[in-house]
Amino acid sequence: QECCPSGRSQLSCATDWVQASLPTTDYIHTCGYLGWEGIPAPFPYPDGDGIIGFRDGRTIQGRPELNWKEYLGACLNAPLKAGTEYSFEFQVGFVSFERSPAINITFFGTPDCDYLPFGQEDEAFGCPTNGPNWVRLGSNRVSGRDWVTGYIQVTPQEDIYAIAIGPSCEQITNSINTYYFFDNLVLAETRLFPKRILEIGNSCLETFE
């Protein structure tokens, strides 16, 4: 990690992660910031001392902001090659059935790291594919309590140089702010998975090479 987070929206403290959307994810680490008051992360964390917190929808004074979506991103060490099958495995942390209902975790890609972050400084932009240059690679609906493992297989149709991970494009109308956690995200060619996986920096994210 680059630094110890002291508050929310400090993803820059996590090595190799990029804040993909204007609505900001939170870097939570046992060395400092432990998350929002009243929204405890399931502990212990699956891998290491740091996790990522993110929202799918936001409510202000009882009014839902339908496209408030927070995404985690990364510029890959090496691209996902067109026509090659990859496996993406991750763990999602849930607070409660009310605060963290079932969610479609969705994996997006872009052919150029220059397109990361996305959204043109628009907080209401929503998911990456609401604009150009991004494609939806796959998704998995996960639900439960504590930490749940999700899994997505993808075969990109073009070389993918950067990725974004987070909620689906579905507009959210929940009456409260929903919140989730990410940890132990692993991406590798399916033929190698999980035999050869290379960490690209932070313990939360691993990718192939």
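In this predicted model, C127 is buried, its relative accessible area being 1%. Its disulfide partner is C169, and the two sulfur atoms lie 2.0 Å apart. The torsion about the S-S bond of C127 and C169 is about 90°, so this disulfide is right-handed. The pair links distant parts of the chain, for C127 belongs to the loop between β8 and β9, C169 belongs to the loop between β11 and β12, and 42 residues separate them. In contrast to the buried C127, C169 has a relative accessibility of 32% and counts as partly exposed. The cut-off explains the assignment: buried means under 20% relative accessible area and exposed means over 50%, so a value in between is called partly exposed.

The model contains 4 disulfides by the distance rule. When the bonded cysteines are counted along the chain, the disulfides follow the pattern 1-3, 2-4, 5-6, 7-8. One of the disulfides is formed by C3 and C13, with 1.9 Å between the sulfur atoms. Its torsion about the S-S bond is -95°, and the link is left-handed. Both C3 and C13 are placed in the segment before β1, 10 residues apart. The two ends of this link can be described by their accessibility: C3 is partly exposed at 33%, whereas C13 is buried at 3%.

Another disulfide joins C4 to C31, with an S to S distance of 2.2 Å. Here the angle about the S-S bond is 125°, and the link is right-handed. C4 lies in the segment before β1 and C31 in the loop between β2 (26–29) and β3, so this disulfide ties together parts that are 27 residues apart in sequence. C4 is partly exposed, with a relative accessibility of 36%, and C31 is likewise partly exposed, with a relative accessible area of 40%.

The strands provide the next part of the picture. An open sheet is formed by 5 strands in the order β1-β6-β11-β8-β9, with antiparallel pairing. β1 (18–19) and β9 stand at the edges, and each has a single partner strand, so one side of each is left without a neighbour in the sheet. Within the sheet, β6 and β11 pair in the antiparallel sense over 5 bridges. L72 has I165 in β11 as its bridge partner.

I165 also leads into the nonpolar interior. The largest nonpolar core has 31 residues, and those touching the most other members are I105, F107, I165 and F182. The elements that each give two or more residues to this core are β3 (50–54), β6 (72–80), β7 (86–94), β8 (103–110), β9 (135–142), β10 (146–154), β11 (160–166) and β12 (180–189). Of these, β7 gives the most, with 5 residues.

The surroundings of I105 show how such a core residue is placed. Leaving aside residues up to four places away in sequence, I105 touches F54, F90, V92, G138, S139, N140, V142, I152, I165, G166 and F182. Two of these contacts, I165 and F182, are themselves named with I105 among the core residues that touch the most other members. Apart from this core lies another, of 10 residues, which includes F108, F118, F125 and W134.

Key:
Residues numbered from 1 in each chain as written. Predicted model: local features only at pLDDT ≥ 70, side-chain atom pairs only at ≥ 80, totals over all residues. Heavy atoms only, no water. Core = buried A, V, L, I, M, F, W, Y, C linked by side-chain atoms within 4.5 Å. Buried < 20%, exposed > 50% of the residue type's maximum accessible area, 1.4 Å probe, protein only. Helix = DSSP H or I, 4+ residues; strand = E, 2+ residues; numbered from the N terminus. Contact = heavy atoms within 4.5 Å. Pairing = 2+ DSSP bridges. Disulfide = S-S within 2.5 Å.
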